[in-house]
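Reader: Please take one part of this model and go through it closely. I would like to know how the strands are arranged and what packs around them.

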Amino acid sequence: MKKLVKLAVVVFFLWIVLFALAACSNSNESSQSAQTSESKLTNEPLRFGTLPAESAIPIILAKENGYFDDENVSVEITPFNAPNDRNAAAQSGELDGMIGDVMTALSFKEGGIDLTITSDINEEFKLLSSPDSGITDIKQLDGKDVSLVPKLLLEYIMDEIAVKNNITYEVVSIPSIPARYEALLENQIDSVIFTEPQATALKMNGAHVLASSTEYGIKGGTILFSDDTVAERSTDITAFYRAYNKAVDYMNTADPTEYSSILKDYNFPETMGDYLTNKEEDYNKAAIVTKEQYDSIEKWTKDKEMISKEYTYKELTDFSMLEE
């Protein structure tokens, strides 16, 4: 009987030892897993291209407020004044990511440069007529000229608005944002499509708002990263979006006077502060581009003969780096 008791004690003791070893092993594995996950951050800079548009503000503030540093991800921002300059930099391999749109990703893909759509952006585009044009209604724009950058989201938006209002228009291409802005105010063109804050600034200077992308349910702007960057640095991009979303939270609670002056260093106009102060809607955290919107833009891009084949939603998008 005493032998059985002793054996039971020994077995119990061994069981405790084995349990403790297993717990220690699991703890070590968890620690190693966390270290492995953390080590995936490359500490190499993400080279990112922006334009002086509202969509760039969360990225700029994530940089300026140290949110990227908090997430241990390095981001170098290069500001551009024209989409074509930004595209040229991306084509030459000078950028890892940029703000763009669905058709930019499609056009690059057709040209052999692989970009992945990783999220949407905060955006609002408005169609405005020049102060002295006498055009105050969308129907009056029939047959008139509209300045935009062809084969980008601006033209898609204008085409959608034109079809729904049964009007035609003539394209006047002025790639530079400042030059297009001045051309409208000087009544050199009938109308423009502009994003914010330039659209509100034009309105404050006498331009007439005829339509907006929001009222027509159009949202095709995106954040794009090269396929190589997505494949090799997905953890960096995930950290990028955590910082981006922190910046959105900050923008929705902070007084714009706290940060509007910073934006001048990124080619934003002086009127940016006035726009932000009067903006009523909150900014949204990074989200997906819907398949419905993608398919509509993909069809338009193919109809414009900018691409020769179909590229599926699954082929060009990856939203896995957006944390819920």
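Author: The part chosen here is an open sheet of five strands, in the order S2-S1-S3-S10-S4, with mixed pairing. The model is a predicted one. At the edges of the sheet are S2 and S4 (115–120), each of which pairs on one side only. Direction ignored, neighbouring strands of the sheet are turned by 35 degrees against each other on average.

Strand S1 covers residues 46–50. Four of its five residues are buried, so S1 is largely enclosed by the rest of the structure. Its partner S2 (residues 75–79) runs parallel to it, and five bridges join the two. Within this pair, Phe 48 stands opposite Ile 77 in S2, and Gly 49 is opposite Thr 78. S1 also pairs with S3 (residues 97–101), again in the parallel sense, over two bridges. Here Phe 48 has Gly 97 of S3 as its bridge partner. In general, strands of a sheet pair through backbone hydrogen bonds, either parallel or antiparallel.

Helix H5 (residues 102–110) packs on the sheet, where it touches S3, S4 and S10 (221–226). The direction of H5 makes about 110 degrees with that of S3.

Phe 48 is also among the residues touched by Phe 240. Leaving out residues up to four places away in sequence, Phe 240 touches Leu 46, Phe 48, Ile 59, Phe 68, Val 73, Val 75, Ile 223 and Phe 225. Phe 240 belongs to the largest nonpolar core, which has 89 residues. Along with Ile 57, Leu 127, Met 158 and Ile 223, Phe 240 is listed with the most contacts inside that core. Helix H10 (residues 234–251) supplies the largest share of this core, 10 residues. Apart from this core lies another, of 13 residues, including Leu 128, Ile 174, Val 192 and Phe 194. In soluble globular proteins, nonpolar side chains tend to be buried together.

For the setting of this part, the chain contains 13 helices and 10 strands, and 50% of its 324 residues are buried. Of the contacts between residues at least 6 apart in sequence, 79% join residues at least 24 apart.

As for confidence, pLDDT averages 88 over the chain, and 88% of the residues score at least 70. Over residues 1–39, pLDDT stays under 50, and the model has two contacts beyond four places in sequence for that stretch. Where pLDDT is low, the predicted coordinates should not be read in detail.

Technical notes. Residues are numbered from 1 along each chain as its sequence is written. This is a predicted model: local features need pLDDT of at least 70, side-chain atom pairs count only at pLDDT 80 or more; totals for chains, interfaces and linings use all residues. Side-chain values use heavy atoms; hydrogens and water are left out. A nonpolar core is a set of buried Ala, Val, Leu, Ile, Met, Phe, Trp, Tyr and Cys residues joined through side-chain atoms within 4.5 Å. Buried means under 20% relative accessible area, exposed over 50%, partly exposed in between (1.4 Å probe, protein chains only). Contact means heavy atoms within 4.5 Å. Two strands pair if DSSP finds at least two bridges between them. pLDDT is the predictor's confidence in each residue, from 0 to 100. Axes are lines fitted to C-alpha atoms, for helices over the stretch in contact, and angles run from 0 to 180 degrees between N-to-C directions.
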